[in-house]
Amino acid sequence: MLWLKAFHIIFMVCWFAGLFYLPRIFVYHASSEHAETRAQLAIMARKLYRFVTPFLFLTAGFGIALLHLNWDYYQTQVWWWAKFAGVAFLWVYHYQCGRYLKIILEDADWHTHVFYRFFNEIPVLFLFAIVILVVLKPTL
């Protein structure tokens, strides 16, 4: 069980690295005035998205394995269901990053760097909430 937990955390950290940096690339892309720079940032974003997406699935896979080992406990814990809701939201956020990446690659992006700066902060808030839920296991 400890090996599963270790790999779950390792892949979660790798996935979050991408969730933190990919929208930052979007910020730089939206604020750049040079076509060459924008093209390079679009390539970087595409490569990063492809690199971190497997970490999402590995994080989920190890999480499901942990869940399977102790389902009777987790299904009764409100904190776990709140964590699950947060993780589900982050899956949607990851997918939305892919949608923004697609419009950037098509050179059809109309979002401003300010929009992406706010968008970039979302995973930080969810990371705080999820870690607090997992460590403190509050009774909600």
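**Exercise 1. Find which helices supply at least two residues each to the lining of the largest pocket.**

Solution. Helix H1 (2-31), helix H2 (35-69), helix H3 (71-74), helix H4 (78-105) and helix H5 (113-136) each do so. Helices here are DSSP runs (H or I, at least four residues), numbered from the N terminus. This is a predicted model, in which local features need pLDDT of at least 70 and side-chain atom pairs count only at pLDDT 80 or more, while totals for chains, interfaces and linings use all residues. Residues are numbered from 1 along each chain as its sequence is written, and side-chain values use heavy atoms, with hydrogens and water left out.

Next, take the pocket itself: an open set of points on a 1 Å grid over the protein atoms alone, where a 1.4 Å probe fits, with protein on both sides within 12 Å along at least five of seven lines; lining residues have an atom within 4 Å of a point. The volume of the largest pocket is about 760 Å³, counted as the space filled by probe spheres set on the points, which are joined across faces, edges and corners. Its lining has 30 residues, and those closest to the centre are His8, Gly63, Trp80, Lys83 and Val134. H4 gives the most, with eight residues.

**Exercise 2. Explain why cysteine 14 forms no disulfide.**

Solution. Start with the cut-off: a disulfide is a pair of cysteine sulfur atoms within 2.5 Å. The closest cysteine sulfur to that of cysteine 14 belongs to cysteine 97 and is 17 Å away, so it is too far for a bond. Across the whole structure, the search finds zero disulfides.

Then compare the surroundings. Cysteine 14 is partly exposed at 27% relative accessible area, whereas cysteine 97 is buried at 1% (buried is under 20%, exposed over 50%, partly exposed in between, with a 1.4 Å probe and protein chains only).

**Exercise 3. Classify two of the aromatic pairs.**

Solution. Rings of Phe, Tyr and Trp (its six-membered ring) pair if their centres lie within 6.5 Å; planes under 30 degrees apart are stacked, over 60 edge-to-face, and the rest tilted. The structure holds 25 such pairs. For tyrosine 74 and tryptophan 80, the centres are 6.3 Å apart and the planes at 45 degrees, so this pair is tilted. Tyrosine 74 is buried at 15%, and tryptophan 80 is buried at 9%.

For phenylalanine 115 and phenylalanine 119, the values are 6.2 Å and 10 degrees, so the pair is stacked. Both lie in helix H5, four residues apart, about one turn of the helix.
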